[in-house]
Amino acid sequence: MARSFSFWPTLTEPLIRQNPVTLQILGLCSALAVTTSLATALTMSASLTVVLTLAAGIISLIRRHIPTTIRLIVQIVIVASLVIVIDQVLQAYLVEISRALSVYVALITTNCLVLGRTEAYASHNGVVPSMVDAFGNGLGYSLVLTIIGGVRELFGRGELLGRQVLPLAEDGGWFTPLGLMLLAPSAFFLLGLLVWAIRSVLPEQAEAAEHVPPATAEPAE
Amino acid sequence: MTEAWILFLQAAFVDNMPLTLFLGLCTFLALSRRSESAIGLGIAMTGVLGVTVPLNHLIYHGLLAPGAWAWAGLPELDLSYLSLLAFIGVIAATVQLLEMLLDRHFPAIHVAFGVFLPLLTVQCAILGGSLFMVERSYTLLQATVFGLGSGVGFAVAVTMLSAIRGRLAYADLPDGLRGLGIAFVLAGLLSLGFSAFAQMAAAS
C-alpha cells in the first residue's frame, strides 16, 4: 500500500476539516431534504453511515477482482443491494419514520457521497482503512445533518426529538414557532451559514476569488 | 389535455426538483458557475428524465409490480423490491445510449456536454423522478409529462442560479462566504420564490 495508514487522522479528518458535505460538496440532496426534524435526520445519518461503511468494506475486499471498465456498475449494484436491505428494515421496524423519509432512503444509492468515497478511497486501499475512512465520512455527514435537523426542529416547532423544549406562546409560554424553518428555503440558508461559519474558523478552506482586482485599481466608474 | 398541462406546471414549478425537493443538488451547485454549462445540463436533464421515467414506468408495471406476472400463472409474485436495481440499470443504459448517439451524430453537442452526461447516471433527480412515478402511481402519459416537466423545472432553476452567480462574480464577498456559501444563500432565496408557487397552487 502506498500510503501508510494511521487510524485516528483517517477517522477524525472528515469530521470538520475534510467534511464531506461542507467542503467536498457530496451528499447534499438527502442532507437537506430530511432535516425537518431531528428524528428523521438521525435515522438518515445512521442508514447512510451503515451503507457507506459496508459498501466500502465489500468493494475494498473485491477491489482486485473488479475489471476497471465496469467498476462503476459493480459499485452501484453493491450499494443498491445494501440500500434495499436498509429500506426493508426501516419499513419493517420504523414505519412512521420510513414514511417521513419517503424516497430519500432509496436515493442513498445515488448519493454522491457513497460513490465518491468508494471510488476515491475504497477501490485503492485495504479493507480496514477503507471502512474507517467510510465511517469517518459517515460521521461527518451525520454531524451536519444533526446540527441542521436540530436547529430546524427547535426553532420550527420548539421541540427536540418530539419533546417540547421551548414553551409555545399559544400554550402560555413565550416562544412563537418560525414556520419558515420547516420550509425548504431555511435548509439552504442554514447550510450556507454553516459553511460560512466553518470557513471563518478554518480560513484555508475559503475558495479563491475568481476575479482579483488589480492592486492599483482605477477608481470605479 | 388540461390535466396534463397542470401536471407539467406542477412538476416544473411547484415541485421543483432542486429547490423544493432538494434533488440533484450536487450537480445543481457544481455546474451553475457558467451559464453555458448550466443550459447544457438543463437540456441533458430534460432529455434523460423525459426518456427514463416512461421507460421505467413500462418496466415497473410490466415486470415488477405486484401481480405483473399473473398472465404466467404467478399472480402472487411481487418483485417491487427489485425496482431500485432495475431503475438504475435503465438509467445507466439510457445515458450510455444517449452519449453514443450524440457522439455519432452530433459531435459538437457531445463535446459541449463533456463530463456531465455520464455523471447523470448517479444523479438523484433522475432516480428520484422514477421513484416518485411509482410512489404517486402515474399512468404512462402522466409519467412522460412528469418527467419532461421535472426536467424543464431543473433547467429553469439551474439557468437562473448560474445567471445570478455570474453577476456576483465581481462582488466583494466575505472570504468564507465566497463560492459554496453564497451559492447556498442564493439557492435559498430562489427556493423562497418557488415556495410562492406552492401557495398559489394551494389557493387555486
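These legends go with three close-up views of a predicted model. Local features need pLDDT of at least 70 and side-chain atom pairs count only at pLDDT 80 or more, while totals for chains, interfaces and linings use all residues. Residues are numbered from 1 along each chain as its sequence is written, chains are lettered from A in the order in which they are written, and side-chain values use heavy atoms, with hydrogens and water left out.

**View 1. The cavity and its lining.** There is one cavity of 30 Å³ or more here (a set of points on a 1 Å grid over the protein atoms alone where a 1.4 Å probe fits but cannot get out). Its space comes to about 40 Å³, taken as what probe spheres set on the points fill. Lining residues, those with an atom within 4 Å of a point, include A:Leu107, A:Asn111 and B:Cys124. Helix α2 (residues 28-33) of chain A chips in the most, with three residues; helices are DSSP runs of H or I, at least four residues.

**View 2. The largest nonpolar core, around B:Leu23.** This core has 109 residues, and B:Leu23 is among those with the most contacts inside it. Such a core is a set of buried Ala, Val, Leu, Ile, Met, Phe, Trp, Tyr and Cys residues joined through side-chain atoms within 4.5 Å. Leaving aside neighbours within four places in sequence, B:Leu23 is in contact (heavy atoms within 4.5 Å) with A:Cys29, A:Leu107 and B:Cys124, among others.

**View 3. B:Ser191 in its helix.** B:Ser191 sits in helix α10 (residues 180-203) of chain B. It counts as buried because its relative accessibility is 2%, and buried means under 20% relative accessible area with a 1.4 Å probe, protein chains only. Not counting residues up to four places away in sequence, B:Ser191 touches A:Ala184, A:Pro185, A:Phe188 and B:Leu19.

Note on methods:
On a 1 Å grid over the protein atoms alone, a cavity is a set of points where a 1.4 Å probe fits but cannot get out, and a pocket is an open set with protein on both sides within 12 Å along at least five of seven lines; lining residues have an atom within 4 Å of a point. Helices (H or I, at least four residues) and strands (E, at least two) are DSSP runs, numbered from the N terminus. Buried means under 20% relative accessible area, exposed over 50%, partly exposed in between (1.4 Å probe, protein chains only).
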